[in-house]
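Open the model in your viewer and keep the selection tool at hand. We will make three stops.

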Amino acid sequence: MSDSSSSSPLERLVGAFRDGRGPALWLMGLLVGLVAGYATLGLRLGIGLVEQFAFGVTEETLASTAADWPVWRRWSIPVVTGFVIAFMLLIGDRLGLLKNFRSRGVPDVIEARAVGKGQIELKSGLYSALMAAISLGGGGSAGREGPAVHLGGTFASLISRLVGLNARGSRILLACGAAAAVSASFNAPVAGALFAFEVILGHYALRSIAPVAVSSVVGALVVRHHLGQDQIFGFLAMHQTHVWDFPAAALLGITAAGLAVLFNRGVMHGGSYVERLARRFSIPLWSLPIPGGLLVGLIAIFAPEVLGVGYEPTSNALATRYVFGELIILLILKTLATHITLAFRFAGGVFSPSMYLGAMLGSAFGLVMVSLLGGQTAGAGFFAVIGMGAVAGAVLGAPLSTTLIVFELTASYEASVAVLVAVSLATVLTQSAQGGSLFQKQVMRRGYDISGGSSRLVLQMVRVREFMMPLGDWTTDQIKDKTCLYEDDTLGKAMGVMDAEQLEGAAVRQRGGEDPVIGWITKADAQAAYAKALAEISEEEHR
């Protein structure tokens, strides 16, 4: 291999791209921001197109328009959507595009970053986005941001493969795609970048800051160019704050934590509960959206505000257009509708529903504060914004990015400080109660515990085959100890077995057939592999 000093400028530039170094990666972040921004725009327009076909209106007036319809129409559209999604689940499973009859979302992006070397399959990403557009446009009660993040990550992964990036660079581009998607969804570039660092990457390495920031800004510019600069909820004007507003924000944060825990438990356990019922009664999993659509339609008969992404009711709550009783009823019914939507295998995310629920909770809390303190408070609209940020931050495990979303929506320093107080309390209490964020728990169910950081993740990622010594000149007759491991066992299992059995080494077998012995590992080799993997991750997260 030639020395780098003798390489041509073009060769050095190509090498910089593939290694994910310096300004070269900034240009790739710009490209990812452009592609992911347009992909998110396409998803938004796709949802709107389905809404136009199904309801005759888009998200901005969906709830108010559906309220004037006859009962049968409000009920029938989610039911028809359920049949369509059921068919798509069946086809997706037959073609190998889905796992366990589920569409993809943010947990899949986190898993791809943590253990998948930043890679997401293109076909499954596109198919999941199509399912999300039909699910949400047809009345499914879930969010569009999760599917947008997965779609942005899908295209970022495609670009990294085309360029030939290494795993480190691919993970950074994956975060770039997520940042651009969130930025394009909320027209909030700073919040989009912070979301990528908090939720996807899990670190703020200097190498990743510039490309993620560039991608997030470009994603917002794409949407602003085509849809204008208006925020999704409009500009939220804040009244003057008073001394009681900040202690009240802390109390609201504690209340938000309780709501977030209940919501997260429904999301985490609803799907497995419905799956157990389906297996008990021999109902095929692909058909679950049909009864799910029926149940969502029944709720929509009484509350059309639960249909779709829910931005119109959220805006109404922020503008304090609901009375206390309406807020509590909508909070309960939206929680139920979202749990049903996700448990019965519709496609969608949790970002928008968490903002919806937070706005309802905060507005109701604000009405109580106004009744108690009168003019000595900033008003119900102020607390609606605080509640929206607190619940969303606690559900997502992203307190900083949700705080920045509020700042970009309100341009209010006081509101942002109050949100930071509330969301900090809400996030700490929520994660203490459930042992990690919602996304971390979902990834944990797939066999990877990312809540413990790099030291625990390495034990799950590294396989015995990666550090074992081949059989070599000695034979299986020389292996006296019956204790053995398999080549696909994890480093954590290998170290645990050797510690428990007080062994300095163990034979390694290959699964299949007669399980032949193919190698040998020692405790020293396992510890060296652990230290090497930790050093590589530490360098990636701190440089």
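Which residues lie nearest the centre of the second largest pocket? Select Arg102, Ser103, Pro107, Gln442 and Arg446. Bear in mind that this is a predicted model.

**Stop one: the pocket**

Stay with this pocket and show its whole lining, which has 37 residues. Its volume is about 820 Å³. Now colour the helices that supply at least two lining residues each: H5 (106–114), H7 (145–163), H11 (245–280), H14 (324–343) and H19 (438–444). H11 gives the largest share, seven residues. Recolour the lining by residue class. You should get 15 nonpolar, twelve polar and ten charged residues.

**Stop two: a serine in a helix**

Select helix H8, residues 167–186, and pick out Ser170 within it. Is Ser170 buried or exposed? Ser170 counts as buried because its relative accessible area is 1%, under the 20% cut-off. Next, display what surrounds Ser170. Beyond its neighbours within four places in sequence, Ser170 is in contact with Lys117, Gly118, Gln119, Ser160 and Leu165.

**Stop three: the strands**

Go to strand S4, residues 517–522, and add strand S1, residues 469–470. S1 and S4 run antiparallel and are joined by two bridges. Then add strand S3, residues 505–509. S3 also runs antiparallel to S4, with five bridges between them.

Finish on one residue of S4. Which residue in S4 is the bridge partner of Pro470? Select Gly519. Gly519 is the bridge partner of Val508 as well.

Terms used:
Residues numbered from 1 in each chain as written. Predicted model: local features only at pLDDT ≥ 70, side-chain atom pairs only at ≥ 80, totals over all residues. Heavy atoms only, no water. Pairing = 2+ DSSP bridges. Helix = DSSP H or I, 4+ residues; strand = E, 2+ residues; numbered from the N terminus. 1 Å grid on protein atoms, 1.4 Å probe; cavity = no way out; pocket = protein on both sides within 12 Å on 5 of 7 lines; lining within 4 Å. Points joined across faces, edges and corners; volume = space filled by probe spheres on them. Nonpolar A, V, L, I, M, F, W, Y, C, P; charged D, E, K, R; others polar. Buried < 20%, exposed > 50% of the residue type's maximum accessible area, 1.4 Å probe, protein only. Contact = heavy atoms within 4.5 Å.
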